[in-house]
Every structure is written in C-alpha cells, then in structure tokens.
Amino acid sequence: MAVESDMAAAPAERGGAAHHESLNAERKAERRNRRYRRDVRWSPYAFIAPFFLIFTAFGLFPLLYTGWASLHQVSLHDPTAMEWAGLHNYTRLLDDEFFWNSLRNTFTIGVISTVPQLLMALGIAQLLHYRLRGSAFFRVVMLTPYATSVAAAALVFVLLFGRDYGMVNWALGQVGIDTIDWQNGSWSSQFAVSSIVIWRWTGYNALIYLAAMQAVPNDLYESAALDGASRWQQFIHVTIPSLRPTIQFTVVVSTIGATQLFGEPLLFGGAGGHKGGASHQFQTLGLYMYEQGWINFHLGRAAAIAWTMFLLLLVIFPLYLALGRTLRKSHEDKKDMMAKASTA
C-alpha cells in the first residue's frame, strides 16, 4: 500500500512542480514585457535628453539670463551688481542714433550679401546639377570657402580692397576707374564686407540647392520636355517651384546670419573694427552690441541690444511664412488655371 501511495504522489508532485515552473515562466515573461514596454516608452526621451540638457544649459539659460540682465544696469567691472532699470535700456535705444545707424547698416549689408549670394548659389547648383565634367571636384571646391577661417578670409579681403595697393583698385584702374577708399567709404565699405559674406556662403547654399534639385523627380522634366519646354523654361517652371521650401529655408538662415553679422566687419575694420569704421559706416548690430558690452562696459545695454535682435527675428519670420504661403497659393492657382485651360 505504501508503494502504491508513493507512486500516486509522484505524478502529483511532478504536476505541481510543472505548474510552479509555468507560473514562474509567466511571471518572467510578464516582467520582460513590462521592461520592454517601459523601454519602448522612455528610451526615446533618454536618447534626446542630452540635447535638451545641453540646450538648456548653453541656449535657453543664457537667453533668459540675458533678458533679465537687459532690465538692469550692469557693468562689466562687476557683473553681479545689478540695479533694476526696467525698460530704460530699451527706450534708450529709440533715441540712440548709433543704434539706428547700426540697424540700417545691418539691413543694407544683409540685402547686399544675401540676394546675390542666393542667386549665385542657385545658378551654380543648376550648373552642377547637369552632368558637368569633374562635378565631384567642383562640389568639394564649393565647400572650401565655408571651411576657411573667417579671420583668414577677412585678412585676404582687406588686402584685396586696400586703397593704395589692393588688387581690386588695380583692376579698376586698368579700365579707367579712379581709386576707391573701400574701408572709409559708406557704400564701398558695406560692399566690401558683403563680398566676404558672399564668398564664404555661396558654395554652402549651392550644395543645399543641389541636394534639393537631385530630389526633384525626373518625370517632371521629361513631361516638360515633351511639352516643348526649353531648359530655361524647365528651370523656371519646374525647378524653382520644387525648390520653394529649400529657398525659403536658405532665406531664413541667411537672414539670421545677416542679423548676427559680426566677425567679417570686425576684422575688416582693423584696430577700430568694433566701431565699424571711423564714421560707423559699416557697424552692424552685432558690432554695436560688442562695443556697448565689452568696450563701454555696459552689459545691460548690450543685453537689450541682443534681445532687440532676437525680437526683430521673431517679427521677420512670420512675414516670411506669410509670403511663402502667398507664393505657394498663387502657384497652385496658376496650375489650376492651366489645367482647366488644357481640359477645355
């Protein structure tokens, strides 16, 4: 009888052990599932957390602290001693002729440098888009100015635009044009500074346009060619509309760069570069901010200028977006009209 009871108990023990093992396996599977769900849910935040930490430390905090400093009288000699001034630093700018002068210079230099730069970049990208011999070499060459130090570029252009021994004046003299004092003239100095910006950034924008052109479907060009469109007509009616978002992006980025223009005019002006010339003829907002903060030691005023530049960009960007929507809507309306005309 004892043997029979032991034999009967053995299957029961084996069944209990198997049930216990299955329960353990289910628990382990459930724990793995929970870990997997947590991993899927929180891993993306962990991956992007370093960016937000660095941005908060080196981007957001300096921006907010600069805004706080702009509401105080602060001296570079003792940055921790702040005296509340409210909006005085901002209202003072309204009566500051040097601020308005630097704002005008920033606008004119921005226009002179941005418009030719983007037009030239678009033309260069169009040339490189077709099977130009040695196109890979030219694409590398396009990035050379961008990789060059702004200090080295400015030094070269100072020599080129020298009044007495500059190569530009020598070339102009060969065609009968008198010597131009590039550094001390108003428009001439702004043109010289703009030429540095054009030289440095044209190739960079050309490669951006080239990448966008290569993403345009060939079917569009083939359809236009079948309709009898020339290459110029294809460029106007196919390439340009397809590049509209990219063009808008480069315009926005170039506007930001023009607003923050600092290194080129500072180095072009030499020892008194922070003034933007003897008569402040090419002093930009960036140079004026630098002069107020690090030459005159008024950090509160410099912070107010910095935030004014930021607010100007916030005003300009909606205008760009509205202009882009208007152009896109007009293009779509034109396409609809052409489609209706073709069906009729």
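Where in the chain is the place of His 280? I looked this up to begin with, and I found His 280 in the loop between helix 11 (263–268) and helix 12 (285–295). I note here that I am reading a predicted model.

**Entry: two residues with positive phi**

I checked the backbone of His 280 and read a positive phi of about 60°, although this residue is not a glycine. I then asked about its cover: His 280 has 13% relative accessibility, and because buried means under 20%, it counts as buried.

I found a positive phi of about 70° at Phe 297, which is not a glycine either. Phe 297 lies in the loop between helix 12 and helix 13 (299–343). Is Phe 297 buried or exposed? The value I read is 31% relative accessibility, so Phe 297 falls between the two and counts as partly exposed.

**Entry: Gln 292 and what it touches**

From Phe 297 I turned to Gln 292, which is found in helix 12. I wrote down a relative accessible area of 6%, and therefore Gln 292 is buried. Which residues is Gln 292 in contact with, leaving aside its neighbours within four places in sequence? I listed Phe 297, His 298, Arg 301, Ala 302 and Ile 305, so that the Phe 297 of my previous entry turns up again among the contacts of Gln 292.

**Entry: the nonpolar cores**

I next looked for the largest nonpolar core, and I found that it has 13 residues. Those with the most contacts inside this core are Leu 122, Ala 125, Tyr 209, Met 213 and Leu 243. Helix 3 (97–129) and helix 7 (186–214) each supply at least two residues of the core. There is also a second, separate core of 12 residues, and I noted Ala 153, Phe 157, Val 193 and Ile 196 as being included in it.

I then followed Leu 122 by itself, leaving aside its neighbours within four places in sequence, and found it in contact with Tyr 209, Met 213, Phe 235, Ile 240 and Leu 243.

Leu 243 led me on to Ala 212, a residue that lies in helix 7. With 14% relative accessibility, Ala 212 counts as buried. Not counting residues up to four places away in sequence, Ala 212 touches Leu 243 and Thr 246. I compared sequence with space for one of these pairs: Ala 212 and Leu 243 are 31 residues apart in sequence, and 6.5 Å apart in space, C-alpha to C-alpha.

**Entry: the course of helix 7**

Since helix 7 kept coming up, I looked at its course. Helix 7 has 29 residues and reaches 41 Å from its first C-alpha to its last, which I found to be close to the 42 Å expected at 1.5 Å a residue. Where does helix 7 bend? I located the bend at Trp 201, and its angle is about 35°.

**Entry: the salt bridges**

How many salt bridges does a search of the whole structure find? The search finds three, and I took them one at a time. I kept in mind that side chains of opposite charge can pair when their charged atoms come close.

In one of them the side chains of Arg 92 and Asp 96 meet, at 3.4 Å from N to O. Arg 92 is partly exposed, with a relative accessible area of 25%, whereas Asp 96, at 8% relative accessibility, counts as buried.

In another, Arg 163 pairs with Asp 164, and the closest N and O atoms are 3.4 Å apart. Arg 163 counts as partly exposed at 45% relative accessibility, while Asp 164 counts as exposed at 53%.

The side chains of Glu 264 and Arg 200 also meet in a salt bridge, at 3.2 Å from N to O. This pair links distant parts of the chain, with Glu 264 in helix 11 and Arg 200 in helix 7, 64 residues apart. I checked the cover of both partners and found that Glu 264 is buried, and so is Arg 200.

**Entry: the whole protein**

Last, I stepped back to the totals. The protein has 13 helices and two strands, and of its 344 residues, 31% count as buried. Among the contacts with a separation of 6 or more, residues 24 or more positions apart account for 66%. I closed with the accessible surface, which comes to about 21,800 Å², and 67% of this surface belongs to carbon and sulfur atoms.

Methods. Residues numbered from 1 in each chain as written. Predicted model: local features only at pLDDT ≥ 70, side-chain atom pairs only at ≥ 80, totals over all residues. Heavy atoms only, no water. Core = buried A, V, L, I, M, F, W, Y, C linked by side-chain atoms within 4.5 Å. Buried < 20%, exposed > 50% of the residue type's maximum accessible area, 1.4 Å probe, protein only. Helix = DSSP H or I, 4+ residues; strand = E, 2+ residues; numbered from the N terminus. Contact = heavy atoms within 4.5 Å. Expected span 1.5 Å × (residues − 1). Bend = angle between axes of the 7 residues up to and from the residue. Salt bridge = Lys/Arg side-chain N within 4 Å of Asp/Glu carboxyl O. Areas by Shrake-Rupley, 256 points an atom, 1.4 Å probe, with all protein chains shown as cover.
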